[in-house]
Amino acid sequence: MRRRWLIPVLVFATIVVVLAASLVAFQRKLIYLPSSGPLPPVAEVLPGGREVTLTTSDGLRLGAWFVRPDDARASVLVAPGNGGDRALRAPLARALAEHGLSVLLLDYRGYGGNPGAPTEEGLARDVRAARAFLTRETPSTPLIYFGESLGAAVVTELATEHPPAALVLRSPFTDLAAVGEKHYPFLPVRWLLRDEYPVIERVPRVRAPVTVVFGTEDEIVPPEQSRAVAEAAGATPVAVPGASHNDPVLLDGAPVVRAVLSAAPGTANRGNRPPSNGRRGPRQQ
């Protein structure tokens, strides 16, 4: 009898150990998912946009796209999520530029043909380089940080160091381990992860207005985590009914565009209306 139940227990324990070892060895391959293949020319997907180079504090030169309309009222630093590249965020940049905002589309190290390998420390360096570029390029305009999912964690840390005019977080998690625990409930994820991204600890220290946008049917980041971030920030959450994590309405749709425009000082008087419904952009990874 003892052997009968002992063998399944040993098999299960072996599987758990193997999965845990794989998570330790390959976790960053599971977290960071850059797209493969070349980027399209910026002119094809972002009219008026241009290629720019960001230089990080550890010497990497990162490609990015920048669009600056005439008489821009504010500048937006877009920190992407863990999948894809800046071409996927071009529809959002177009929408914001049409409403008079300058936009910098950042690609982290290892993304969009950039050198290096992504880590929590590395992404923090990358977004600091993006901010430095915008403060040089548009020194007289208010600066808004926009971060989606993983990018929300990246710009939240930046906001504790360099407060923006406003912080807009799309589908933020409380911390990376909390997301991992949802998807790998049988593993000690919190003990194994190298990159932490503790949004819930950092966001109360942000000295800027915060807006949190999320989908009510998010299957990647539980909606309750985004609500918890909004509560910790003292922000009113903007829930998009029926939207999942990669729904195009959360890429460049009306709820996201309105959230950024509402955060931008001076845009209310431009006479432009946000789009009445979500654009259908390419699906995020």
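# Exercises on a predicted structure

In this protein, residues 24 or more positions apart account for 72% of the contacts (heavy atoms within 4.5 Å) with a separation of 6 or more. The model is predicted: local features need pLDDT of at least 70, side-chain atom pairs count only at pLDDT 80 or more, and totals for chains, interfaces and linings use all residues. Residues are numbered from 1 along each chain as its sequence is written, and side-chain values use heavy atoms, with hydrogens and water left out.

## Exercise 1: The sheet

Give the order of the strands in the open sheet and name the edge strands.

Solution.
1. The protein has 11 helices and 10 strands. Helices (H or I, at least four residues) and strands (E, at least two) are DSSP runs, numbered from the N terminus.
2. The open sheet is formed by 8 strands, in the order β2-β3-β6-β4-β7-β8-β9-β10, with mixed pairing. Two strands pair if DSSP finds at least two bridges between them.
3. β2 (50-55) and β10 (237-240) are the edge strands, each pairing on one side only.
4. From one strand to the next, the twist averages 20°. Axes are lines fitted to C-alpha atoms, for helices over the stretch in contact, and angles run from 0 to 180 degrees between N-to-C directions.

## Exercise 2: Strand β3 and its neighbours

Describe how β3 pairs with β2 and with β6, and state why β3 is largely enclosed.

Solution.
1. β2 and β3 run antiparallel and are joined by 6 bridges; Glu 51 stands opposite Trp 65 in β3.
2. The hairpin of these two strands has 5 residues between them, and Gly 59 there takes a positive phi near 90°.
3. On β6, the pairing with β3 is antiparallel over 4 bridges, and Leu 104 in β6 is the bridge partner of Phe 66.
4. Strand β3 (residues 61-67) is largely enclosed by the rest of the structure because 6 of its 7 residues are buried. Buried means under 20% relative accessible area, exposed over 50%, partly exposed in between (1.4 Å probe, protein chains only).
5. By contrast in sense, β6 (residues 101-106) pairs with β4 (residues 74-79) in parallel over 5 bridges, where Ala 74 stands opposite Leu 101.

## Exercise 3: Helices

Find which strands α9 touches, then describe the contact of α4 with α5.

Solution.
1. Helix α9 (residues 223-233) packs on the sheet and touches β8 (166-170), β9 (210-215) and β10; its direction makes about 170° with that of β9.
2. Helix α4 (residues 120-137) packs against helix α5 (residues 150-161) at an angle of about 65°, and their axes are 10 Å apart.
3. Among the residues that meet are Leu 123 and Arg 128 in α4, and Val 154 and Glu 157 in α5.
4. The residues of this contact divide into 7 nonpolar, no polar and 4 charged. Ala, Val, Leu, Ile, Met, Phe, Trp, Tyr, Cys and Pro count as nonpolar, Asp, Glu, Lys and Arg as charged, and the others, Gly among them, as polar.

## Exercise 4: The cores

State how many residues the largest nonpolar core has, and which helix gives the largest share.

Solution.
1. A nonpolar core is a set of buried Ala, Val, Leu, Ile, Met, Phe, Trp, Tyr and Cys residues joined through side-chain atoms within 4.5 Å.
2. The largest has 50 residues; Leu 54, Leu 77, Leu 104, Leu 169, Phe 173 and Tyr 197 touch the most other members.
3. Its largest share, 7 residues, comes from α5.
4. A second, separate core of 34 residues includes Val 78, Leu 92, Ala 243 and Leu 250.
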